[in-house]
Amino acid sequence: MKKEEKTEITKAKIFAAAMKEFGTNGYAAGSLNNICKMGINKGLIYHNFKDKDELYLECVKKSCEELICYVKEHKAEDGFVAYMSARREFFQEQEQKAYIFLEARTNPPHRLVNQMQKIFKEFDELNREIFEKELLKYELRDGVSKEEALNYFFEIQKLYNLNFANELNDKMTLHEQLALHEMNIHKILDFMLYGIAKGGKEI
C-alpha cells in the first residue's frame, strides 16, 4: 500500500471517530482523549491535524457540505416547504452530523466564529436562493422591496440562532433540539409572510 493511501485511511479513521465524538458530546465536552479511546493514536491525530479546533472545523465543514448535497440531490431548492422537509429528513438520518451542524450554527465556539462564517458561506447562499424563490410567489406590500424582505428574514433568523442555545435544557434530547429548531425556523417564515393578526391593518 502506498504511503498516500495509508495516510488517507488513517485520516478517515480519525475523522470518523471525531464525527462520533463531536456529534455526541459537542465541541466543549468533546476531547481528543475520548477520540483516542476509540483506538486512535494521539500522535497520528497531531500528525494529520493541527489541533482539536482544526479537527472540529473539518467535521463542521463535512456536515454542512453533506446537508447541501442532500438538499440538491432531493431537488428541494425550489420551495421553502420542500427545503425544510429535506432538512428534517437529513437531520433524522444523520443525527451526529445534524448535532454538529446545529451547534456550529447556533452556539459556535467564540474563537472559531470567523472560520464558521467561511464554512457556512455556501449554505447561506443556498438559503438566500431558496427564500428569494419563495418570495416570488407573493406580492410584497407597497414600500417593501425584495432586498428588504430578504435582509429582514436573515436578521430575524440570525437573532433566533443566537438565542436558541439559551432555550435548551439538559433534559432535551438531540432529536427534540433539532425538532424545536426546525419548527421555529418554519414558524418565523410563516409569521413573516402571513403576519400574526387576523384581519389586521397596517400600522
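On a 1 Å grid over the protein atoms alone, a cavity is a set of points where a 1.4 Å probe fits but cannot get out, and lining residues have an atom within 4 Å of a point. A volume is the space filled by probe spheres set on the points, with grid points joined across faces, edges and corners.

What you're looking at is a predicted model, where local features need pLDDT of at least 70, side-chain atom pairs count only at pLDDT 80 or more, and totals for chains, interfaces and linings use all residues. Residues are numbered from 1 along each chain as its sequence is written, and side-chain values use heavy atoms, leaving out hydrogens and water.

Let's go hunting for holes. Searching the whole structure turns up two cavities of 30 Å³ or more. The largest cavity holds about 50 Å³ of space, and its lining is Arg87, Arg105, Phe123, Asn127, Gln157, Asn161, His181 and Ile185.

Now for the second largest cavity, at about 40 Å³. Around it sit Phe80, Tyr83, Met84, Arg87, Asn127, Ile130, Phe153, Gln157 and Ile185.

Finally, find Glu21. Glutamate 21 is buried (under 20% relative accessible area, using a 1.4 Å probe and protein chains only). It has no salt bridge (a side-chain nitrogen of Lys or Arg within 4 Å of a carboxyl oxygen of Asp or Glu). The nearest side chain of opposite charge (Lys and Arg count as positive, Asp and Glu as negative; His and the chain ends are not counted) belongs to lysine 52, 7.5 Å away.

Technical notes: Buried means under 20% relative accessible area, exposed over 50%, partly exposed in between (1.4 Å probe, protein chains only). On a 1 Å grid over the protein atoms alone, a cavity is a set of points where a 1.4 Å probe fits but cannot get out, and a pocket is an open set with protein on both sides within 12 Å along at least five of seven lines; lining residues have an atom within 4 Å of a point.
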